[in-house]
Amino acid sequence: MNILLIAISAKYIHSNPAVFSLKACTGEYSGLVNILEFTINQQPSFLLQEIYKKRPDVIAFSCYIWNRTLLDGLIPDLHQILPDADIWAGGPEVSYDAPQVIRNWQLRGVMTGAGEGSFYRLVSAYAKGTAASLPAILRQEDAPRITLAQIPFWQESIPDLSSRIIYYESSRGCPFSCSYCLSSIEKTMDFRPASQVCRELDFFLERRVLQVKFTDRTFNCKKAHALPILSHILEHDNGITNFHFEISADLLDGDYFALLRQMRPGAVQLEIGVQSVCARTITEIGRNMDFDRVSQAVRLIHSWNNIHIHLDLIAGLPFEDFHTFEHSFNEVYALQPQQLQLGFLKVLKGSGMERQAAGYGLCHTSLPPYEVLCTRWLSYEDICRLKQVEAVLETYYNSGQFAHALAYLERFFDTPFSMYESLGRWHETHGCTGIQPSRLRKYEILLEFGTGCADSLAAFKERLVYDLYLREHMKNRPGFAPSLDKWKNTIHDILQEEARMHAWFPELAACNYRALVKALHAEVFETIFEKPSVVLFCYETRSPLTHNCMTRIIPLAE
């Protein structure tokens, strides 16, 4: 008996927790189960060949919005080349319309809800020769209940830990009832004991895994669970591993702050779903959020300069029109997160939002990811305008590569949103939409846009140069950088002094003048600081929050 569990992820660096967790819970039958991992970027013909080579008796797919369309084409072809194989599916994308999925894909069956118990029942039935008695829909409530505490630590079996984002689950369910989220359907929560979690995190710490992403919907919803885990991370920090948590910021209190402020820069990053600051919208979607408390918490954490903060907004929610969304954007942008994700509502199958869609005049794409097209409050034209904002926000703000140039441009617009909206329109009218320019070309494009609105082109160019050298040790000087000819002697003297004293970068003490010239970049800025200054850019170390290189600012004598 050969049972094949198949994961099709969005990217190679993503590991699929579901298939490993399912296999780990098959106990004495685990030898019958094999895992294949693919990505949506691979050709369907390749997937077909690799599955065929395994000659499976049973195939089970883990289904999500990102791989549903691919499976629509792949599964019918599998029926043709492996006509005797039973094909099952599970996951959120098939759990809420199982009878229709079974008909469309001609499946043997679908597993709904949390799948560990159902998959154990399925595998044991095939092993015992009783699979014919299995119902077409295997529901989690009709299978052995397997709690989080009982699921083996399957991450030990992940190949190539060093090149993957590792997903880890310490709780299931969510205490909140947001109508757009499938987690709200589960009325109970299940926690893996904190002591068990800490022991398992040591496995990642010892192997110096780069990032561990907790999949908990609200990691800090239970203080007695979250605090010991954060304490363990603080006490056993290896200087390498980053831990990502989705949290509710208005649940943070002094005990959380006392731990978080001690974290090594880059050890922790927090994703906070604000979604909207429109009070009526928040009430309508069943979300509990005090934006004033969120703002206070984010500003406090931001002041420590040690934790990456990722804030989320969702466009297309009920009672939020273009102008109220613009207000939400500006309020959240003012908190200066390292990343601001402007997402669009996904009308997920089985969600409360799907049930209420007609009342909201909510239209969405017919294919995954079922993204909003319009609502009673937001037209499709509005959605297109917001898509432009999203594109330039991702390119210029979320990349972190243009911070000083953007801050300079903001002063020439009424609000940050109006700046990004203007930049998005400029992109479209100048043929920049939908292309992937080189990194240097992005700076040039922003310069071309800024030429029409900045009052001092020289000052704006300086900020672009500053941003560029914070990230890039350029071999060739960009065309928009001002000449350094009049500063050559000044720069030479400063580098000579550094080669002699190593006062600014003692870590480069072994470098002589010639080596320093290669290791550092020196640039003169006349408008950014209070007086003209030489900035030395050192690329040996970088900020774990911004990825910018280290700098030393040396004011020049009058």
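The largest cavity in this predicted model has a volume of about 50 Å³. With the threshold set at 30 Å³ or more, the count comes to one cavity. Rolling a probe the size of a water molecule over the atoms is what reveals where empty space is left. The wall of the largest cavity is built from Phe219, Asn220, Leu230, Phe245, Ile247, Leu252, Tyr256, Leu260 and Leu270. By residue class, eight of the lining residues are nonpolar and one is polar, while no charged residue takes part. Two elements each supply at least two residues of this lining, namely strand β11 (242-247) and helix α8 (254-260).

Turning to charged side chains, the model holds 25 salt bridges. A pleasant place to start is Lys223, whose side chain meets that of Asp253 in a salt bridge with an N to O distance of 2.6 Å. Lys223 belongs to helix α7 (residues 223-235) and Asp253 to the loop between β11 and α8, so this contact ties together parts that are 30 residues apart in sequence. Lys223 has a relative accessibility of 31% and therefore counts as partly exposed. Asp253, at 24%, is likewise classed as partly exposed.

Lys223 also meets Asp255 in a salt bridge, again with 2.6 Å from N to O. Because Asp255 lies in helix α8 and Lys223 in helix α7, the pair ties together parts that are 32 residues apart in sequence. Asp255 counts as partly exposed too, at 43% relative accessibility. Helix α8 thus appears twice in this account: it holds Asp255, and it supplies at least two residues to the lining of the largest cavity.

Another salt bridge joins Glu371 and Lys387, with the closest N and O atoms 2.5 Å apart. Here Glu371 sits in the loop between β15 (363-364) and β16 (372-374) and Lys387 in helix α13 (residues 380-397), so the pair ties together parts that are 16 residues apart in sequence. The two partners fall into separate accessibility classes: Glu371 is buried, since its relative accessible area of 16% is under 20%, whereas Lys387 is partly exposed at 30%. Elsewhere, salt bridges link Arg68, Asp72, Glu93, Asp97 and Lys349 into a network.

The last feature described here is a β-sheet. Strands of a sheet pair through backbone hydrogen bonds, in either a parallel or an antiparallel manner. In this model, three strands form an open sheet in the order β17-β18-β19, and their pairing is antiparallel. At the edges stand β17 (520-525) and β19 (549-555), each of which pairs on one side only. From one strand to the next, the twist averages 25°. Strand β18 (residues 533-542) is joined to β17 by six bridges, with the two running antiparallel. Within this pairing, Glu523 has Val535 of β18 as its bridge partner.

Key
Residues numbered from 1 in each chain as written. Predicted model: local features only at pLDDT ≥ 70, side-chain atom pairs only at ≥ 80, totals over all residues. Heavy atoms only, no water. 1 Å grid on protein atoms, 1.4 Å probe; cavity = no way out; pocket = protein on both sides within 12 Å on 5 of 7 lines; lining within 4 Å. Points joined across faces, edges and corners; volume = space filled by probe spheres on them. Helix = DSSP H or I, 4+ residues; strand = E, 2+ residues; numbered from the N terminus. Nonpolar A, V, L, I, M, F, W, Y, C, P; charged D, E, K, R; others polar. Salt bridge = Lys/Arg side-chain N within 4 Å of Asp/Glu carboxyl O. Buried < 20%, exposed > 50% of the residue type's maximum accessible area, 1.4 Å probe, protein only. Pairing = 2+ DSSP bridges. Axes fitted to C-alpha atoms, helices over the stretch in contact; angles between N-to-C directions.
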